[in-house]
Amino acid sequence: MDVARFSAELEGFIGSTQWFEDRMLPGLRFTEGVKFFVDQTQAVAILVMAHREALAAQQEHPFLSLVFEQSPTHCTFSLQDGNYGMVKSAVLHVAEIPPGRWEFWMEQCVLYLPSEH
């Protein structure tokens, strides 16, 4: 995968006209940009972490940032509040996420790309 090209394609998602849901992840909605990311990479772990970690934190933190940093050996996940304060972090072993830093935002149980805000 050409990561630079993929990043540029993601920047093309601005605003959102519809939300998607997965019946296996109740309560979580996501935008076209997130769906594109998951469809292109098969990185379902993004949705799973949003569902498992971020939905519960939405009670206390109305805005969250989910950051995935993929290196050749592992992926670091951090869940941050609206002021980039750390809520939770973990090391994941997810090969599907492309190398680099990938950030997603969540508000009102909707996961979206920063460019879609």
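A residue is called buried here when its relative accessible area is under 20%, exposed when that area is over 50%, and partly exposed in between. A salt bridge is a side-chain nitrogen of Lys or Arg within 4 Å of a carboxyl oxygen of Asp or Glu. With these terms the structure, which is a predicted model, can be read step by step.

Start with the charged residue Glu32, which lies in helix H2. Glu32 is buried, yet has no salt bridge. The nearest side chain of opposite charge belongs to Lys35, and that side chain is 10 Å away. This distance is outside the limit of 4 Å, so Glu32 and Lys35 do not count as a salt bridge. What does the side chain of Glu32 join in a polar contact? The partner is the side chain of Thr17, at 2.7 Å. Leaving out residues up to four places away in sequence, Glu32 touches Phe13, Gly15, Ser16, Thr17, Gln18, Phe20 and Glu116.

Glu32 is one of several buried residues in H2; the others are Gly33, Val34, Phe37, Val38 and Thr41. The elements that cover the buried residues of H2 include the helices H1 and H3 and the strands E1, E2, E6 and E7. After H2 comes Gln42, with a positive phi near 65 degrees. Gln42 sits in the loop between H2 and H3. Is Gln42 buried or exposed? Its relative accessible area is 52%, so Gln42 counts as exposed.

Most residues other than glycine have a negative phi. Gln42 departs from this pattern, being a residue other than glycine with a positive value. Cys109 is another such residue, also with a phi near 65 degrees. Cys109 belongs to the loop between E6 and E7. The relative accessible area of Cys109 is 25%, so Cys109 is partly exposed.

The loop that holds Cys109 leads into the topic of the sheet. Strands of a sheet pair through backbone hydrogen bonds, either parallel or antiparallel. In this model seven strands form an open sheet, and their order is E1-E2-E7-E6-E3-E4-E5, with mixed pairing. At the edges are strand E1 (20-21) and strand E5 (86-92), each of which pairs on one side only. Strand E6 (residues 100-107) and strand E7 (residues 110-112) pair in the antiparallel sense, over three bridges. Trp105 stands opposite Tyr112 in E7.

Next comes the nonpolar interior. The largest nonpolar core has 31 residues, and those that touch the most other members are Leu66, Phe68, Phe104, Met106 and Leu111. Two or more residues of this core come from each of H1, H2, H3, strand E3 (63-70), strand E4 (75-81) and E6. Which element gives the largest share of this core? That element is H3, with seven residues. Met106 can serve as an example of the contacts made by a core residue. Setting aside neighbours within four places in sequence, Met106 is in contact with Leu28, Ala50, Ala54, Leu55, Gln58, Pro62, Phe63, Leu64, Leu66, Leu111 and Tyr112.

Last come the charged pairs. The model has five salt bridges. One of them joins Arg5 and Glu9, whose closest N and O atoms are 3.8 Å apart. Arg5 and Glu9 both lie in helix H1 (residues 3-11), four residues apart, or about one turn of the helix. Arg5 is exposed because its relative accessibility is 54%, and Glu9 is partly exposed because its value is 33%.

Lys35, the residue 10 Å from Glu32, forms a salt bridge with Asp39, with the closest N and O atoms 2.8 Å apart. Lys35 and Asp39 are four residues apart in helix H2 (residues 32-41), which means that about one helical turn separates them. Lys35 is partly exposed at 28% relative accessibility, and Asp39 is partly exposed at 39%.

Another salt bridge joins the side chains of Glu53 and Lys88, at 2.9 Å from N to O. This pair links distant parts of the chain: Glu53 lies in helix H3 (residues 45-57) and Lys88 in strand E5, 35 residues apart. Glu53 is buried because its relative accessibility is 15%, whereas Lys88 is partly exposed at 39%. Arg52, Glu53 and Lys88 are linked in a network of salt bridges. Glu32 and Glu53 are thus both buried, but Glu32 has no salt bridge, whereas Glu53 has one with Lys88.

Methods
Residues numbered from 1 in each chain as written. Predicted model: local features only at pLDDT ≥ 70, side-chain atom pairs only at ≥ 80, totals over all residues. Heavy atoms only, no water. Pairing = 2+ DSSP bridges. Buried < 20%, exposed > 50% of the residue type's maximum accessible area, 1.4 Å probe, protein only. Lys, Arg positive; Asp, Glu negative; His and termini not counted. Polar contact = N/O pair within 3.5 Å; in protein donor to acceptor, adjacent residues only side chain to side chain. Contact = heavy atoms within 4.5 Å. Core = buried A, V, L, I, M, F, W, Y, C linked by side-chain atoms within 4.5 Å.
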